[in-house]
Amino acid sequence: MNGAVRVSGEVLRYLAEQARREPGIECCGLLAGSGGVISVALPARNALASSTAYEIAPKELFRLFRRIRELGLDHLGIYHSHPATDNAPSPTDIERAFYPEAVYFIVSPRLEVPRPVRAFTIRNGAARELTIVED
Ligand SMILES: [Zn+2]
């Protein structure tokens, strides 16, 4: 592992809580901040309402990006949960990683996993894990 991502403790707690709120459905949303530090989570509706996939409807995605601009923040990441599987990128996550500059957070609702929140960059078909530094 090399590379790190800085995230507020509040956002980290929020992500873990979101994943547990509806443990049968992948939760998802965007992450924003400034100076490379993630300070805000913007939850979205999983348009697929699935336990193994997620999709943010284009209209909602547009609205969230506009909200990030209104807040004067940068889009820094995307999060979703894996209710039943390891919280590492799936082949689909790698294939559909459309934002090479974003950090992809994958959250587990399960309390027994060693790291319920993990972060990755996904570029050119390869995922690399980042160290999460609580800011
Ligand atoms: Zn996934």
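The exercises below, each with a worked solution, concern a predicted model.

**Exercise 1. Ser8**

Find where Ser8 lies, decide whether Ser8 is buried or exposed, and list its contacts away from its neighbours in sequence.

Solution. Begin with the position: Ser8 sits in the loop that runs between strand 1 (4-7) and helix 1 (9-21). Next, take the relative accessibility of Ser8, which is 13%; because buried means under 20% relative accessible area, Ser8 counts as buried. Finally, set aside the neighbours within four places in sequence, and the contacts of Ser8 that are left are Ile38, Ser39, Glu134 and Asp135.

**Exercise 2. Two salt bridges within helices**

Describe the salt bridge of Glu17 with Arg21 and that of Glu70 with Arg67, and say for each residue how exposed it is.

Solution. As background, side chains of opposite charge can pair when their charged atoms come close. The cut-off needed here is a side-chain nitrogen of Lys or Arg within 4 Å of a carboxyl oxygen of Asp or Glu, and by this rule the structure has nine salt bridges.

For Glu17 and Arg21, the closest N and O atoms are 2.7 Å apart, and the two residues form a salt bridge. Both belong to helix 1, and because they are four residues apart there, about one helical turn separates them. Glu17, at 41% relative accessibility, counts as partly exposed, whereas Arg21, with a relative accessible area of 53%, is exposed.

For Glu70 and Arg67, the closest N and O atoms are 3.6 Å apart, and again a salt bridge is formed. The two residues lie three residues apart in helix 2 (residues 58-70), which is about one turn of the helix. Glu70 is exposed at 55% relative accessible area, while Arg67 counts as partly exposed at 40% relative accessibility.

**Exercise 3. A salt bridge between strands**

Work out which parts of the chain are tied together by the salt bridge of Arg118 with Glu129, and which network the two residues belong to.

Solution. The closest N and O atoms of Arg118 and Glu129 are 2.7 Å apart in this salt bridge. Arg118 lies in strand 6 (residues 117-123) and Glu129 in strand 7 (residues 126-134), so the pair ties together parts that are eleven residues apart in sequence. Arg118 and Glu129 are both buried. Together with Asp86 and Arg115, Arg118 and Glu129 are linked in a network of salt bridges.

**Exercise 4. The aromatic pair**

Describe the one aromatic pair that a search of the whole structure finds.

Solution. The search of the whole structure gives one aromatic pair, formed by Phe65 and Tyr99, with 6.0 Å from centre to centre and 50 degrees between the planes, which is a tilted arrangement. The pair links distant parts of the chain, 34 residues apart, since Phe65 is in helix 2 and Tyr99 is in the loop between helix 3 (91-95) and strand 5 (103-107). Tyr99 counts as partly exposed, at 30% relative accessibility.

**Exercise 5. The surroundings of strand 5**

Explain why strand 5 is largely enclosed by the rest of the structure, and state how strand 5 pairs with strand 4 and with strand 6.

Solution. Five of the five residues of strand 5 are buried, and therefore the strand is largely enclosed by the rest of the structure. In a regular strand the side chains alternate between the two faces of the sheet. In strand 5, Val103, Phe105 and Val107 are on one side, Tyr104 and Ile106 are on the other, and both faces are covered. Strand 4 (residues 74-81) runs parallel to strand 5 and is joined to it by five bridges, with Val107 as the bridge partner of Ser81. Strand 6 pairs with strand 5 in the antiparallel sense over four bridges, and there Arg118 stands opposite Ile106.

Terms used: Residues are numbered from 1 along each chain as its sequence is written. This is a predicted model: local features need pLDDT of at least 70, side-chain atom pairs count only at pLDDT 80 or more; totals for chains, interfaces and linings use all residues. Side-chain values use heavy atoms; hydrogens and water are left out. Buried means under 20% relative accessible area, exposed over 50%, partly exposed in between (1.4 Å probe, protein chains only). Contact means heavy atoms within 4.5 Å. Rings of Phe, Tyr and Trp (its six-membered ring) pair if their centres lie within 6.5 Å; planes under 30 degrees apart count as stacked, over 60 as edge-to-face and the rest as tilted. Two strands pair if DSSP finds at least two bridges between them.
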